[in-house]
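Trainee: Please take me through one part of this model in detail, the surroundings of the ligand.

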Amino acid sequence: MDLPIILDARSGRLAVQVTVSLRDAIRQQRLAVGARLPSTRALATDLGVSRGVIVEAYEQLTAEGYLETRRGSGTRVACKSSTESVSRRRKVAPNVGGGWEPDRAIPFRYDFRFSTPDLSTFPRGRWLWAIRHALATVAHADLGYINPCGVLALREEITSYLRRVNAAVCDVEEVAIVAGVAQSFVVALRLLSRRGCKRLAVEDPSGYRSRGLLENCAYSLIGVPVDEEGIRVDMLDRTDADVVLVTPAHQFPTGVVLSPRRRAELVQWARRRNTFILEDNYDAEFRYDREPVGCIQGLAPDRVFLAGSVSKSLAPALRLGWLVVPKGPYSDECCAERSFLDLGSPVLDQYALAHLLATGTYDRHLRAVRRRYRARRDALVGALQQYLPSWRIHGIAAGLHLYVELPEGTDARDIADRAAHASIGLEPIDSMRLAHPSPPGLVLGYARLSEEELSTAIKSLARHVAKTK
Ligand SMILES: Cc1ncc(COP(=O)(O)O)c(C=O)c1O
């Protein structure tokens, strides 16, 4: 059997390279369901690598459900492995209104609706290794109720990571481990509501899935328009908002970065009003054109609550994130809020993440996925320019989504409805607006589609759009 595996001995991690090549071949159905793979010994000889490399790759793909091994019949491509057969068998789950996403139900062949990461890149082997390490080293005492703000080892690792990568200014006392950015919002907003805040300014447009969560914290939301420099601070100033939530690293959904001028204005606004900025460090890890820009928290550590998580870099299911609070009484108040909520995050997972960070494994994983997503973004941009040149691409080369503005007068909802007939899932920007109108547009989450799939999908979309004219 001629397997589509090309190895680059210089870039190391041969098992990962074999895994990725095989996984892509299976997902793109170049390897059919039921196809029998060569024995580990035969493939190792063929590729000139040690047998252990192939064993590790086969084990990883078996754990992910792409391969199955039966005594006597060797290793075969599992029947649930092809993307198509998986999606065909999935039931369409109801859209859970208040949640971030409607479960994993994907009725479309090409689904651009969510900016979720490619979950097949989750480093299962490394996570297992880190969990094993956590189990082997955790003290008995740490298996009890620990500090609700998190395990010290992880807080230390996150502190140095944020200082190193995001130019944050923080000490370990100000860093709390939380269940994702979502819980950061809840903790920070509850803490601020005890200090009298109740009107929250949010970017318009912004991610509508968080809206229910924010309102549930008893805040009224005020939409403030976003232009190519980010949130309009002059218009924020005209509102009676007493706290603001922003995504300055990569605005969701327009994809712009908050300009240096606006960052300074926003900090001045917070100082003048004697209030706070809630900074969602959304997509900060995924900048493809340059190093990530420093966070606003680094400019004004006394005025900013900084939130981040591993939902994009590893997987949302881990529910692991961090909240950096301003110096002062806020650390204690944050711990109190967290203990009122749920007494803290799972301890073993926190130790496992700390181990990935301490050993450099997390950074290596990020570098690998960043390369993958960059290639996908380039493929999407290329396909849009080729097949739909009148669609205007917005935003910087970053993140896991792209925002496209449609020609004036286009009905984005109609395009989405028609695309659905070609099994292409699209998300119009309308649902993300609060009050301020903006041109018709679509938000394209591309992380879960291969370069080939992206190109095929956009070509097919262009055919359907042309038919609608
Ligand atoms: C704007 C925004 N911020 C943050 C997140 C990540 O949330 P969490 O860390 O709670 O998974 C999401 C998830 O979709 C999002 O849309």
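**The ligand and the sheet behind α7**

Mentor: In the side chain of Asp280, an N or O atom lies 2.5 Å from a nitrogen atom of the ligand, which makes a polar contact (a pair of N or O atoms within 3.5 Å; within protein, one must be able to donate a hydrogen and the other to accept it, and residues adjacent in sequence count only if both atoms are side-chain atoms). The model is predicted, so local features need pLDDT of at least 70 and side-chain atom pairs pLDDT 80 or more, while totals for chains, interfaces and linings use all residues. Residues are numbered from 1 along each chain as its sequence is written, and side-chain values use heavy atoms, without hydrogens or water.

Oxygen atoms of the ligand have polar partners too: an N or O atom in the side chain of Ser311 is 2.6 Å from one, and for a polar side-chain atom of Arg319 the distance to a ligand oxygen is 2.8 Å. Of the 400 Å² of accessible area (Shrake-Rupley, 1.4 Å probe) that the ligand has on its own, the protein covers 87%.

The shell (a heavy atom within 4 Å) holds nine residues, and the closest are Val181, Asp280, Ser309, Ser311 and Arg319. By class, four are nonpolar, three polar and two charged (Asp, Glu, Lys and Arg count as charged; Ala, Val, Leu, Ile, Met, Phe, Trp, Tyr, Cys and Pro as nonpolar; the others, Gly among them, as polar). Helix α7, residues 180-193, contributes the most, with three residues (helices are DSSP runs of H or I, at least four residues, and strands of E, at least two, numbered from the N terminus).

That helix leads to a sheet. Eight strands make up an open sheet of mixed pairing (at least two DSSP bridges per pair), ordered β4-β11-β10-β9-β8-β5-β6-β7. β4 (175-178) and β7 (230-231) are its edge strands, each paired on one side only. Within the sheet, β5 (residues 199-204) runs parallel to β8 (residues 243-246), with three bridges between them; Ala201 has Val244 of β8 as its bridge partner. α7 packs on this sheet and touches β4, β5, β8, β9 (276-280), β10 (304-309) and β11 (321-324) (heavy atoms within 4.5 Å). The direction of α7 makes about 160° with that of β10 (lines fitted to C-alpha atoms, for helices over the stretch in contact, with angles from 0 to 180 degrees between N-to-C directions).
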